[in-house]
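Please look over the sequence and the model shown here, and consider how the ligand and the pockets are arranged.

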Amino acid sequence: MNMMKIIKAKDYAELSRKAANIIAAQVILNPESVLGLATGSSPLGLYAELIKGYENGDLDFSKVRTVNLDEYRGLTKDNDQSYAYFMRENLFKHINIDMANTNVPDGTEPDAAKECARYDAVIESMGGVDIQLLGIGHTGHIGFNEPADEFKKGTNCVDLDPKTIEANARFFPSADDVPKQAYTMGIQSIMKAKKILLVANGEGKAEILYKACCGPITPRVPASVLQLHPDVVVVADEAALKVIEEKCPCCIG
Ligand code: GLP
């Protein structure tokens, strides 16, 4: 039996509203929530909806704390391709969050062991993530946990998969400019979140979303581990659900 709740949205706008409502409910119910946040193009619409919620007075982020999944190794916070920059531009600067309550791995720390240990301590000090937002990479990665022989527990420094470098090259002048490594929260840290919200859109994600939600649980498809979490909600548009709908329709709804 699939424990994941898979919610279908007709398009990206509906997906973004539905997923934002889930985060908004969390913030309304507990204004001191710890939010695990993600980057990538998938959550952009959701962030725009949260900004609207702040602007219309429904959402107050003044006591919210956040911890982001990952950061490219080597990029400074001011580099416009860094995830720290992404979060500032696409969410933080538009809402009343205290920047001191936001956390992203430090891509400029050259000592990987040191940065991974520091970030694990940050996550630990939060006392538990209430809701972890995730996108899914074409390789099945969550955060930047790429396919591997084992699930990595804590924050780790990863070599990005060539497929990921190719997918993310669209944001850089060329594929050669994409950093080859990243710091990412580990699978165990992600799995410790009380609730997980995964968003996926577009046909390009249909096959990997099917593998993640309905395929064997394996570190070769890192997102498949989410099948073991007791409270996962997937909000996806029709295009991203195409393969699940064909092969495993009873999983939806
Ligand atoms: C990025 C991020 C992931 C994200 C994924 C998908 O590289 N590290 O956290 O979920 O790839 O990105 P997108 O939403 O743009 O497809």
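The questions and answers that follow concern a predicted model, its ligand and its pockets.

Q: Which residues are the closest of those that surround the ligand?
A: In this predicted model, a residue counts as surrounding the ligand if one of its heavy atoms lies within 4 Å of the ligand. By that cut-off 14 residues surround the ligand, and by class they comprise three nonpolar, eight polar and three charged residues. The closest of the 14 are S41, S42, D70, N168 and K205.

Q: What distance separates a polar side-chain atom of D70 from a nitrogen atom of the ligand?
A: Polar side-chain atoms of S42 and K205 both face oxygen atoms of the ligand, with S42 at 2.5 Å and K205 at 2.6 Å. For D70, the partner is a nitrogen atom of the ligand, and the distance from a polar side-chain atom of D70 is 2.9 Å.

Q: What percentage of the area that the ligand exposes when taken alone does the protein bury?
A: Contacts to the ligand come from side chains including that of K205, which has a polar atom 2.6 Å from a ligand oxygen. Taken alone, the ligand exposes 390 Å², and the share of this area that the protein buries is 96%.

Q: Which element gives the most residues to the lining of the largest pocket?
A: The largest pocket is the space taken by the ligand, and it holds about 630 Å³ of space. Its lining consists of 36 residues, with T39, G40, S41, Y83 and N168 nearest the centre. Two or more lining residues come from each of strand 4 (70-72), helix 3 (83-90) and helix 5 (162-168). The element that gives the most, with five residues, is helix 3.

Q: How many residues of the lining of the largest pocket are charged?
A: The lining of the largest pocket can be divided by residue class, with 14 nonpolar and 16 polar residues. The remaining class in that lining is the charged one, and its count is six.

Q: Which helix supplies the largest share of the lining of the second largest pocket?
A: About 250 Å³ of space lies in the second largest pocket, and the residues that line it include D120, I123, E124, K153, Q188 and S189. By class, this lining has three nonpolar, five polar and four charged residues. Helix 4 (112-125) and helix 6 (187-191) each supply at least two lining residues, and the largest share, three residues, comes from helix 4.

Conventions. Residues numbered from 1 in each chain as written. Predicted model: local features only at pLDDT ≥ 70, side-chain atom pairs only at ≥ 80, totals over all residues. Heavy atoms only, no water. Polar contact = N/O pair within 3.5 Å; in protein donor to acceptor, adjacent residues only side chain to side chain. Areas by Shrake-Rupley, 256 points an atom, 1.4 Å probe, with all protein chains shown as cover. 1 Å grid on protein atoms, 1.4 Å probe; cavity = no way out; pocket = protein on both sides within 12 Å on 5 of 7 lines; lining within 4 Å. Sits in = over half its atoms within 2 Å of the grid points. Nonpolar A, V, L, I, M, F, W, Y, C, P; charged D, E, K, R; others polar. Points joined across faces, edges and corners; volume = space filled by probe spheres on them. Helix = DSSP H or I, 4+ residues; strand = E, 2+ residues; numbered from the N terminus.
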